[in-house]
Amino acid sequence: MARFEGVDLYNIDSHLSEDERMVRDLVRGWVDDQVIPVIEEHCRAGTFPMDLVPQIGEMGLLGMNLHGYGCAGMSNVAYGLACQELERGDSGVRSFVSVQGSLAMFPIWKFGSEEQKNKYLPGMAAARLIGCFGLTEPDFGSNPGGMITKAVDDGSHYVLNGAKMWITNGSIADVAVVWAKLDGVIRGFIVEKDDPGFTAPIMKNKHSLKASVTSELVFADCRIPKDRLLPEVRGLRGPFSCLNNARFGISWGALGAAMACFQSARDYALSRIQFGRPIASFQLVQNKLAWMLREITKGQLLALHLGQMKDAGTIKPEQISLAKMNNVDIALQIARMSREIHGANGILDEYPIMRHMANLESVYTYEGTHDIHNLILGRWITGISSFEPPAEPQQD
Ligand code: TGC
Ligand code: FAD
């Protein structure tokens with residue numbers, strides 16, 4: 001199989017440090033050698049490639065932009081580049097790394113006690129412990145503030161009741177970071193897989209992210225020791241801070257899926273002969289390829305600048321929303337355009353296109369839907385929140 005050489009019209013490489021290029025190249029080679037040869041089989045079977053997990057840990061990709069506790073302490077740009085390469089393989093592999101690092105390790109690292117950090121983070125960085133993040137509920141997706149999962153203090157333990165849905169890594173997780181209301185305030189709890197009253201049934205029959213584990217988390221009088229409460233955060237600020245990190249990774253990851261579709265379209269167009277010529281010679285096909293390259297390049301500049309702002313500590317949630325929304329949107333459009341260039345062959349799993357396209361439908365929806373990010377930007381532009389009910393008219 002031909003090695004992936006990158007898409008870099010604007011010489012983005014020259015803005016990367018040696019360490020960042022090294023991480024990118026390491027993950028790039030690993031995806032070519034270990035992920036791409038097996039991923040279609042996993043997708044067909046609806047299985048996650050668990051045997052790759054130790055290798056992901058060995059490469060230092062889990063919690064890689066966190067410092068201490070066995071984490072690699074790399075830059076956010078390096079994390080973004082790793083997400084890009086992983087998602088060039090499959091969104092499910094990038095999802096695994098996003099959830100572990102940004103959604104399960106980050107809240108323990110940021111809001112946990114010293115004991116919690118020492119207990120969980122080194123094992124999670126080394127892939128000995130797998131984590132998941134439970135925010136979404138069956139009736140509360142875009143509006144997690146309405147969640148009904150609750151915790152009650154019974155003196156020696158917290159007792160959790162409720163259910164989470166659509167949880168990546170849920171059934172394979174050793175540790176779940178779960179958001180629930182305690183005395184009406186959203187708090188973070190660490191639930192371990194063997195805690196009494198906790199189950200994580202797998203969700204089946206997905207047409208998207210088939211090579212990823214998606215689960216329910218069910219709490220039926222689930223009793224956890226009191227030292228499993230994350231002490232340092234209250235309210236939605238907790239889960240949303242984690243989402244900032246994961247959405248950041250997605251804005252890079254989606255470009256990887258787009259690059260895979262672009263590369264496949266270019267190669268196919270050069271080799272497919274119609275009317276006695278390669279279809280790459282037709283202006284309409286070149287127009288599509290040029291559009292793909294244009295949008296990937298704009299997305300790369302957006303992601304790089306976002307990463308540099310995150311490394312400088314100046315990043316704002318609205319900037320992340322714009323990048324997540326834009327880069328997933330263009331990746332999905334590029335996947336559809338690439339399928340068109342492949343003609344009927346584009347529907348076969350000999351090519352990665354339909355797998356990326358179907359995956360991107362989930363990516364468009366999770367971590368805040370496309371429209372929720374539009375509305376976050378709308379709130380920033382106008383100062384008016386569309387999420388709050390309008391104020392009652394004043395009585396004279
Ligand atoms: P709102 O009033 O805006 O905020 C409530 C409190 O949170 C603070 N806050 C943030 N803090 C840090 N970072 C952010 N991005 C923040 N956004 C808001 C805010 O300052 C406030 O703090 P405080 O202290 O004043 O209370 O909250 P709202 O209820 O109006 O929510 C607005 C909305 C719709 C934007 C929000 O609910 C939202 O983002 N909804 C989308 C939900 C979502 O993204 N769910 C993702 C679930 S996880 C997932 O999908 C994983 S997929 C994993 C994979 O496989 O890769
Ligand atoms: P809804 O919130 O019901 O939205 C349905 C539609 O209504 C959308 O188009 C939405 O944009 C629109 N809408 C909603 N509110 C508004 C509004 N105010 N204005 C305009 N339009 C609106 N969650 C986790 O907690 N952890 C995970 O690990 C996780 N992994 C996931 C993995 C997969 C494969 C998928 C598909 C989802 C995952 N999720 C996870 C859940 C994901 O975050 C939610 O699906 C997402 O937040 C949207 O919620 P919903 O599906 O309930 O849609």
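**Two ligands in the largest pocket**

In this predicted model, a polar atom in the side chain of R247 sits 2.7 Å from an oxygen atom of ligand 1. That contact is a handy starting point for a walk around ligand 1. An oxygen atom of ligand 1 also lies 2.9 Å from a backbone N or O atom of G368. The side chain of N244 joins in as well, with an N or O atom 2.8 Å from a nitrogen atom of ligand 1. Taken on its own, ligand 1 has 1,100 Å² of accessible area, and the protein covers 73% of this.

The wider surroundings of ligand 1 can be described next. Its shell holds 25 residues, and T168, N244, R247, G368 and R379 are the closest of them. N244, R247 and G368 have thus already been met through their polar contacts. Among the helices and strands, α4, α6 and α10 each supply at least two residues of this shell. The largest share comes from α6, with 6 residues. Sorted by class, the shell around ligand 1 has 12 nonpolar, 8 polar and 5 charged residues.

Attention now turns to ligand 2. A nitrogen atom of ligand 2 is found 2.7 Å from a polar side-chain atom of T136. The backbone takes part here too: an N or O atom of the F133 backbone lies 2.9 Å from a nitrogen atom of ligand 2, and a polar backbone atom of W166 is 2.7 Å from a nitrogen atom of ligand 2. The accessible area of ligand 2 on its own is 980 Å², of which the protein covers 65%.

The shell around ligand 2 has 16 residues, with F133, T136, S142, W166 and T369 coming nearest. Two or more residues of this shell come from each of β5, α9 and α10. Strand β5 gives the most, with 3 residues. By class, 7 residues of the shell around ligand 2 are nonpolar, 7 are polar and 2 are charged.

Where do these ligands sit? The space that ligand 1 takes is the largest pocket, and the space taken by ligand 2 is the largest pocket too. This pocket contains about 1,100 Å³ of space. Its lining is made up of 40 residues, and those nearest its centre are T136, G141, Y366, E367 and G368. Two of these names are familiar from the contacts above: T136 reaches ligand 2 through its side chain, while G368 meets ligand 1 through its backbone.

Several elements build the lining together. Two or more lining residues come from each of α4 (91–111), β5 (157–168), α6 (237–271), α8 (317–341), α9 (353–365) and α10 (370–382). Which of them gives the most to the lining? Helix α4 does, with 5 residues. By contrast, the top contributor to the shell around ligand 1 is α6, and for the shell around ligand 2 it is β5. Helix α10 is worth following on the model, as it gives two or more residues to the lining of the pocket, to the shell around ligand 1 and to the shell around ligand 2. As for the character of the lining, 16 of its residues are nonpolar, 18 are polar and 6 are charged.

Conventions
Residues numbered from 1 in each chain as written. Chains lettered and ligands numbered in written order. Predicted model: local features only at pLDDT ≥ 70, side-chain atom pairs only at ≥ 80, totals over all residues. Heavy atoms only, no water. 1 Å grid on protein atoms, 1.4 Å probe; cavity = no way out; pocket = protein on both sides within 12 Å on 5 of 7 lines; lining within 4 Å. Points joined across faces, edges and corners; volume = space filled by probe spheres on them. Helix = DSSP H or I, 4+ residues; strand = E, 2+ residues; numbered from the N terminus. Nonpolar A, V, L, I, M, F, W, Y, C, P; charged D, E, K, R; others polar. Near = heavy atom within 4 Å. Polar contact = N/O pair within 3.5 Å; in protein donor to acceptor, adjacent residues only side chain to side chain. Areas by Shrake-Rupley, 256 points an atom, 1.4 Å probe, with all protein chains shown as cover. Sits in = over half its atoms within 2 Å of the grid points.
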